[in-house]
Amino acid sequence: MRRFPFLPAFIFLLLALLLSLGIGSVFLSPAELLNSLTGRGSDLANSILWKIRLPRTVLIALTGMALGGSGAAYQGLFRNPLADPFLIGIASGAGLGAVLAMSVQWPYTFWGLMAIPLSAFFAALLTVAVVYFLARVGQTTPVTNLILAGVAVSAFATSLMSFLMLQSDGELRRAMSWLMGGSIQLGWTFTLAMLPYLLIGLGVLVFSGHALNLLQFGDEQAQQLGLDVVRVKRIILISASLATAAAVAFSGIIGFIGLVVPHLSRLWFGADYKRLLPLSILSGATLLLVSDVIARVVLAPQELPVGIVTALAGAPFFLWVLRRSKTQGLW
Amino acid sequence: MLSKTIKITLFFLLLLTACTSALPAGDLTFTDGLGREVKLDGPAQRVITLAPSLTEVLFAVGAGSQVVGRDDFSDYPAEALNVASIGSTFGDLNTEAILALEPDLVLAAEINTPEQVKSLEDLGITVYYLNNPLTFAELYDQVRLVGQLTGHEEEADELAESLSARVDAVTEAVGNVTERPTVFYEIDGTDPAKPWTTGPGTFMDTMITMAGGVNIGGVLSDQYAQISVEEIVAQNPDFIILGDAAFGVTVESIGERAGWSDLTAVQDGHVIPFDDNLASRPGPRLVDGLEELLKILHPELVPTQ
């Protein structure tokens, strides 16, 4: 499996996609699913498959890809096993943007409904920009500074958001449910809206594997090996943040995937970023899809926010894999 | 010849009654609380409600048998519990379950988000979003509207009239009251140093005033906020109403809170448990809540029957 990792990764992803399309509150047998896929099923089954499950599956898969990929990129960039895509303020920035937007009564129009995710998206990017410029020392941005500035700005944004939620007079519930995993049911609109940023972000990251490998030696070493460290770090940061901000803005804050997926991939497939990044992207989608299925099924007909399931189910799974892994110090 | 006249007269009379009692054929068009145009082919026969308050209104106007789905929290009246639940309305709705029930109308309240409305609209389901009534007048309008949507206009009108009459009775009784007791309404007292209460502008606040009291939470700036226990002690309310009685807060436990035993209300035994659903669900039971409050605050004004 170490030598040809992409095949099992694709197989798992395919299985997860099928699982996500096949499972839901309404039981549809494989025959019915097949009929609906070819457009021949009953109206109800067609509606459920095409208008509910398929858009949701695609959105979740894309979100998982974004989180997995940028998680791996951040861990490589910061050379820190605890790094995750929300380290430098994306989650808190997005949350603040979303809650700010929720305090306004937008008209019920296309743009009115896009107001919240767009606000979250731009607020997330703005937060990253603020953190980046706060962390600059002359021409470089030391990684430690980024982390510290990120923690401080995140804390500030989070408490500002909490304060706004208190003032919200009834929107509290809406804010809370967004924070636990946003509204992922607005079908193709949201998917299409996040797609460009995701493609750009992840596209760049997939080709950053070599640069990340070099960065593992340290900034100075990498510079001496011929890497334009400042420029590369900025590009990776921007791409990872772009992909994450898009994912968070349209799917809400889903924790744990960005942290754990790179580690799982590393345990299974090794630490070469040229492979780790694409594999994290695929595994991120798989893991999030499985979590989403669990979220739909465990308390049916109630749906749990997927952000809760990722940590509740993901953490024990990760610990199990960790315990079983015989190699020490793989990090 | 007489019988022929009679026959013709009867025929026309029949025609007349048929015309007046038949439901108007064709669309009923409304504009809902989100400004959306909602069209129905006739009164809705398969209704799903996404809010407990709307469930109460539906059953109150006699449309209970037309409700085919409800949210998890709809628990009043008891018949509502027999209706299939579509799960919680927190976050994303279980659209599959809703679709499977084949509703011709879904009613949403302010507790539901525009995103939830859109997700149902995208599936071709007719949704009507109702804003929460902020006054009793708006409550009567909402009752009448639900009656129109479900084909129970007469019952809805009657209900609105009776609710209005009861509210007027309370307002009249309170009209000449000289002493207005101060009230502390506790929504959540998990942290006794700063319990949650209702500030100005909520229905509960309005109802306390209408029942002849003064809400000490009126000094706060948010509608739902935590009030400092020092403020409670300073204002020393005449009555403490426990809106969180349903969550296990008892009259005795109030006396055990540090500093609370010195309050006049505690010493005089004016700590009263209260069903918060009578104040927080914008439906017909708000009037029950109002009458409850009158009984608590001005028992002398309640006619003994």
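In this predicted model, N213(A) sits in helix α9 of chain A, which runs over residues 209–215. N213(A) has 18 C-beta neighbours inside 10 Å and therefore counts as partly exposed. A buried residue would need 20 or more such neighbours, and an exposed one would have 12 or fewer. Leaving aside residues up to four places away in sequence, N213(A) touches D272(A), Y273(A) and K274(A). Q223(A) lies 10 residues from N213(A) along the chain. The C-alpha atoms of N213(A) and Q223(A) are separated by 12 Å.

Chain B was examined next, beginning with its domains. Domain 1 of chain B covers residues 25–160, and domain 2 of chain B covers residues 178–301. Taken over C-alpha atoms, the centres of domain 1 and domain 2 of chain B are 31 Å apart. The two domains are in contact: domain 1 of chain B contributes 11 residues and domain 2 of chain B contributes 7 residues. On the domain 1 side, α2 (52–60) and α5 (136–150) of chain B each supply at least two residues. The largest share of this side comes from α2(B), with 5 residues. By class, the domain 1 side holds 8 nonpolar, 2 polar and 1 charged residues.

Chain B also meets chain A. Here, 29 residues of chain B are in contact with 29 residues of chain A. On the chain B side, the elements giving two or more residues are α3 (95–100) and α4 (114–121) of chain B. Of these, α3(B) gives the most, with 5 residues. The side of chain B that touches chain A is made up of 10 nonpolar, 10 polar and 9 charged residues.

Helix α4(B) was then considered on its own. This helix is mostly covered, with 7 of its 8 residues buried. The buried residues begin with P114(B), E115(B), Q116(B) and V117(B). They continue with K118(B), S119(B) and L120(B). What do the buried residues of α4(B) pack against? Within chain B, their partners are α3, β5 (105–108) and β6 (127–129). From chain A, the partner is α5 (110–135). Helix α4(B) thus appears in two descriptions: its buried residues pack against elements of both chains, and α4(B) gives two or more residues to the side of chain B that touches chain A.

Key: Residues numbered from 1 in each chain as written. Chains lettered and ligands numbered in written order. Predicted model: local features only at pLDDT ≥ 70, side-chain atom pairs only at ≥ 80, totals over all residues. Helix = DSSP H or I, 4+ residues; strand = E, 2+ residues; numbered from the N terminus. Domains from an automatic or database assignment. Nonpolar A, V, L, I, M, F, W, Y, C, P; charged D, E, K, R; others polar.
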